[in-house]
Amino acid sequence: MRVSTLFARTLRNDPAEAEVAAHRLLLRAAFIRKTAAGIYTTMPLGLRTTAKIERVVREEMDAAGSQELRMPIVLPAEPWRATGRYDAYGDLMFRLQDRHGREFVLGPTQEEVVAELAQHELPSYRDLPSNVYQVEWKYRDEFRPRYGLLRGREFLMKDAYSLDRDEVGMRESYQAMYDAYVKVFDRLGLDYVIVEGDPGQIGGGVNHEFMALADVGEDLFVRCENGDYLADTEAATPRPPDAAPDEEPPPLTEVDTPGAVTIELMSEQMGLPAEATMKCILFDVEGRSVAVLVPGDREVNEEKLARLHFPARVRPFEDDDFTERGFAKGFVGPQGLGSNVTIFADPAIRGRAHWATGANRPDVHVTGATFDRDFRVDRWQDLVQFREGDRCPVDGGRLEIARSIVVGHIYQLGTYYSAPLQATFQDEDGSQKPFVMGSYGIGITRIMSAAVEQNHDDAGIRWPKLLAPFEVAIIMANADASAVTDHAERIYRELTDRGIEVVLDDREERAGVKFADADLVGYPVQVVVGARGIEAGTVDLKVRSTGHRSQAPLAEAAETAVDLLTTAP
RNA sequence: CGGGGCGUAGCGCAGCCUGGCAGCGCACGUGCUUUGGGAGCACGAGGUCGCGGGUUCGAAUCCCGCCGCCCCGACCA
């Protein structure tokens, strides 16, 4: 490819809309152009890079026994109603109607389609297990698209779906995909971690997120300073504090605390630190009342609580609930609560012998509330929201928050989709059973952004050679000297003949412009052919990722470039 | 969806407060000089000042409405 004909112009200024490095550099280097908020044209350079990501993904998917197909993007709305996702996704789905008023959605993912396909193609248990995948645009009308391709409304994703006869088979399929994902992300050279994730709205149980580390990542996760624990912030279960030493607790004593409806006001009026107070937070679980006890300085992790009760729905008490069920809002304590209230307590409640908490009467609190003597606990359960500095459940080390970009997510779905869609096969005993499914996503366009976040400097992108749109750039430093042109063209041919992906910067630009653009676009190896070098009988070479510069005899330019490329990251 | 900000040439911005010829840098075209890390000089092309309405002799500028985009939050395979 000759740069003079490349459909790309680099930008000298940073576009005002771009905040993070990946977005800024992909725009400046002409890998992408914005069409609308969160919707981008993939330019020739960007297409080459995404194609390389896709190639790695396809090779590993094929090797793992998944078969590629392609499903429509425009999907009838009906199956989405059947699985409940039409409403669950809400405004996150792009919706449209055809001329007859029939409703369609633009696919955000395609479990529904696969389930229906399987119904027809895999009628017998003898057809199982099976696994299909596609690489396709996905659509989500994000509340807030941002950071270019990191959170787009249209994005390229590889999605795979496994279909199994039973749970055991599903777990085997899941493990095969897990292993394939490790190979993919290892080959792509990403710095990543694997974290057991939150089930989210896609439904179901076990799932893992493959997270590329990046300071701009939107997804937070928790890790131990000693590297032996990783978890989603919502799923993190910090080690509870040590149990309080046995001591004779003071008697339960009421204290007037007019208007002290918050922990802050309460601890102020009572002259106690927030850690010595106990929150008793009330939730409604489909008509039943649930109380959750956590130390006053901690928050309840509602996600965890919701997961414990799934599929029942959990919501915090509203004002009406307090009045209707006879609770004093702001002054609730666990003492004397009847069996109509289920009391959950975080293990941290064991970390103190007695607590200050609500007296269940307006404007009154108590001190000395002691477990077993003054209140009961129906179930001990980790329910505090993780906080930086909590201790690691494995080795007690300090837990800290790191940022990442989710580039892969795999799920054990079970029959979450197949059952409501009545996607079934006939099992050996003659009965119809729903497929036991798994689904597996990899964000192709997101990986391109994540790779830039992890591989850039002030001058531009430093592509790993596997992801670079071209492997070698030949820069003609004095384009009007015919000796330069002859040698550059010769090296260009030699590299092309060796199967190297190479660009020849033959533009009528000054050398500095070409150097700057080569650094910006991020070609792994640069070969500089100029009058100065030709006089000495040499070319200059530079490895973008390391900045390493060297020289080679004119005749050995191509060979040296190949050597450098081979050893480059 | 709540809060904040911005829409002026391809990109980055000034002008708006205090109404009076639409500007600057880069990029683009032509010519000359230059030529190994984003050249210099000269000439030139390029604008419904986001859209609609209003006020005014006169609106990029003031007022009202709408749209788009960015940031923070909520939310999120």
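Ala, Val, Leu, Ile, Met, Phe, Trp, Tyr, Cys and Pro count as nonpolar, Asp, Glu, Lys and Arg as charged, and the others, Gly among them, as polar. Keep that grouping at hand for the legends below. This is a predicted model, in which local features need pLDDT of at least 70, side-chain atom pairs count only at pLDDT 80 or more, and totals for chains, interfaces and linings use all residues. Residues are numbered from 1 along each chain as its sequence is written, chains are lettered from A and ligands numbered from 1 in the order in which they are written, and side-chain values use heavy atoms, with hydrogens and water left out.

**View 1. Chain A and its domains.** Welcome to the whole chain: its C-alpha trace spans about 95 × 65 × 45 Å along the principal axes. An automatic or database assignment divides chain A into domain 1 (44-235 + 402-452), domain 2 (253-380) and domain 3 (470-567). Between the C-alpha centres of domain 1 and domain 3 there are 42 Å. Of the 569 residues, 52% count as buried, meaning under 20% relative accessible area with a 1.4 Å probe, protein chains only.

**View 2. The surface near RNA strand B.** Here, "near" means that a heavy atom of the residue lies within 4 Å of the strand. Among the 45 residues around RNA strand B, R144, R151, M157, D519 and D540 come nearest. By type, the residues of this surface are 17 nonpolar, 9 polar and 19 charged. Helix α12 gives the largest share, 7 residues; helices are DSSP runs of H or I with at least four residues, and strands are runs of E with at least two, numbered from the N terminus.

**View 3. Side chains meeting RNA strand B.** Look for three polar contacts, which are pairs of N or O atoms within 3.5 Å. An N or O atom in the side chain of Y147 is 3.2 Å from a phosphate oxygen. For H409, the partner is a sugar or linking oxygen at 2.5 Å. D519 has a base nitrogen of the strand 2.3 Å from an N or O atom of its side chain.

**View 4. Helix α6.** How far apart are the end C-alpha atoms of α6? They are 31 Å apart, which agrees with the 32 Å expected for its 22 residues (167-188) at 1.5 Å a residue, where the expected span is 1.5 Å times one less than the number of residues. Its buried residues are G169, M170, S173, Y174, M177, A180, Y181, V184, F185 and L188. These cover an arc of only 135 degrees around the axis, so they are on the same side of α6; the arc is taken from the directions from the helix axis to the C-beta atoms. Just after α6, G189 takes a positive phi of about 75 degrees.

How values were computed
A polar contact is a pair of N or O atoms within 3.5 Å; within protein, one must be able to donate a hydrogen and the other to accept it, and residues adjacent in sequence count only if both atoms are side-chain atoms. Buried means under 20% relative accessible area, exposed over 50%, partly exposed in between (1.4 Å probe, protein chains only).
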